[in-house]
Amino acid sequence: MISSKSKLKCLFPLFQLERLPQDYSGSALTLIESLSSLVIMGNNTEFQSAVVWLSENLTFNVDARVNLFECNIRVLGGLVSAHLLATDSTDRLGKGVYKNQLLTLAEDLGKRFLPAFNTPTGLPYAWVNLKYGVMENETTETSTSGCGSLILEMGALSRLTGDPKYESAALRALRKLWSMRSSLNLLGTTLDVSTGEWIEYSTGIGAGVDSFYEYLFKAHILFGKEEFWRMFHSAYIAVQKYFRHGPWYHEADMRTGKATYWQLTSLQAFWPGLQVLVGDIAAANSSHREFVYVWKKYGVLPERYLLDHQMLHPTEKYYPLRPELAESTFYLYQATKDPWYIEVGESIVNSLNLYTKVDGGFASIRDVTTMQLEDHQHSFFLAETCKYLFLLFDDSFLVEKNYIFTTEGHPLPVLSSWHDRLPETYIQTNRTLLKTGNQARQTSSMSKQVCPPTTLNSWECSGQQVESACHVHDARSDHRCLTDDECGVDSSNCRRRSCSMAGYCGLWLFI
């Protein structure tokens, strides 16, 4: 089994070179994406070299139309995270080398984002020109992720600069987006930023929506706002109700909750990692094992496949070195310390070396059935895939530290000074106190092993009946079933339901 840095070096191209190229021109995005990876892997020499080059050469005053969401999570997130790593208590840079150059670049970029938010709804355009702002006749169509996955990076920028306008713009967009949810607490996939109307009603936890759920909960962790928790709690329950089918999650109509497409994507592999953060370990493990099964079947994860009579059929055979399975494997190992996840990580490493490694790095796979390669390596391979695999085997970077990772894998420290209320005086309503003898311990109410009260007498609920977050509906409204996978989790005690010999879901197993 892989167990040391020396063995990991065979995977990461940044370790294969004694030095990074002195001329980074044409690869600034890859360099920015790699900054935090260099720090996590202990390559401080190249981190300093990269910071100096960016400080002297990078400018955003260019006539370039960029995708706001992608530029936010990749470039702004990379700069903000690297600035925080450059200014923490660890002496990573030589004396006098760093004078907040990365933060200056991040603030300049953030200002160039703001014209995109100048819409009647406050929802930002998907595209903005870095030099000229929003261009004439720019499309008004954008995605849920594009509007709802900006708060971490722009919020962090506001906290670092003391200027609230970046966080305010992202928060206004997020609140508007949440107000557009259906009566089922579901949001569509694409919308119009001018009218605030939905364009695509079919939705799920995959492309176009995925990071929206992720950012609601991570924003709650990073900024301590109760508002983010309330949004996420409602959204999580809706996902469990309307998308879940056994260990898988299909798509459904946001208005009716009825299944629309039984398509599964590699992007959905992020979901178990998010479930680990909220304490739903059993559900995370169940879904994760299905993705591992698909990986072992094909050697990698197809970009998209259909679930038909419990059989998987790839419909998009592309594999762009996505990080989601490595990410959820890392989170599950951190939560459980089960060595099986180390074995999964080693399997991923071996597959990448076997199928994707080429002289210049690692290539995306054009067709998973033939393992035909294409001449392209996405920047997120260095920012996320390599990073999560490295942390799985060597998590020394995280010792005695508390970080959340953005959707692009950039670490942001959880600081009490960024919270609305100090942690010791801030009681989260998503926690349940369990008494053991004379002691009480905190546990997440999302865990299927803990069932919070179904009646909450708080200012939020006013004594109304509410469903606990652990409640998962049976697959069929008449509770008929063929297998246990078609049964959910009981709302009264959070116990897993099973399928009886007569073909009905219920609490038949008494343990």
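Here are some questions and answers about a small sheet and the cysteines in this predicted model.

Me: In what order do the three strands of the open sheet stand?
Reply: Happy to start there. The pairing in this open sheet is antiparallel, and the twist from one strand to the next averages 35 degrees. Strand E3 (141-143) and strand E5 (198-200) each have a single partner strand, so one side of each is left without a neighbour in the sheet. The order is therefore E3-E4-E5.

Me: Which residue in E5 is the bridge partner of Leu-191?
Reply: Leu-191 falls in strand E4, which covers residues 190-192. Strands E4 and E5 run antiparallel and are joined by two bridges. In E5, the bridge partner of Leu-191 is Trp-198.

Me: How many disulfides are there by the sulfur distance rule?
Reply: The rule asks for a pair of cysteine sulfur atoms within 2.5 Å. Cys-481 and Cys-499 are joined with S to S at 2.1 Å. Cys-487 and Cys-505 are also joined, with S to S at 2.1 Å. The count comes to two.

Me: Is the link of Cys-481 and Cys-499 right-handed or left-handed?
Reply: Good one for a torsion enthusiast. These two cysteines form a disulfide with an S to S distance of 2.1 Å. The angle about the S-S bond is 100 degrees, and the link is right-handed.

Me: How many residues apart in sequence are the parts that Cys-481 and Cys-499 tie together?
Reply: Cys-481 sits in the loop between strand E20 (439-444) and strand E21 (498-499). Cys-499 belongs to strand E21 itself, so the pair ties together parts whose separation in sequence is 18 residues.

Me: Is Cys-499 buried or exposed?
Reply: Buried means under 20% relative accessible area, while exposed means over 50%. Cys-499 has 18% relative accessibility, so Cys-499 counts as buried.

Me: What is the angle about the S-S bond in the link of Cys-487 and Cys-505?
Reply: Cys-487 lies in the loop between E20 and E21, and Cys-505 in strand E22 (residues 505-506). The pair links distant parts of the chain, 18 residues apart. The link is left-handed, with an angle of -85 degrees.

Me: What is the relative accessibility of Cys-487?
Reply: Let's take its disulfide partner as well. Cys-505 is buried, with a relative accessible area of 7%. Cys-487 also counts as buried, and its relative accessibility is 0%.

Me: What is the relative accessible area of Cys-386?
Reply: The cut-off for buried is under 20%. Cys-71 counts as buried at 9% relative accessibility. Cys-386 is buried too, with a relative accessible area of 1%.

Notes. Residues are numbered from 1 along each chain as its sequence is written. This is a predicted model: local features need pLDDT of at least 70, side-chain atom pairs count only at pLDDT 80 or more; totals for chains, interfaces and linings use all residues. Side-chain values use heavy atoms; hydrogens and water are left out. Two strands pair if DSSP finds at least two bridges between them. Helices (H or I, at least four residues) and strands (E, at least two) are DSSP runs, numbered from the N terminus. Axes are lines fitted to C-alpha atoms, for helices over the stretch in contact, and angles run from 0 to 180 degrees between N-to-C directions. Buried means under 20% relative accessible area, exposed over 50%, partly exposed in between (1.4 Å probe, protein chains only).
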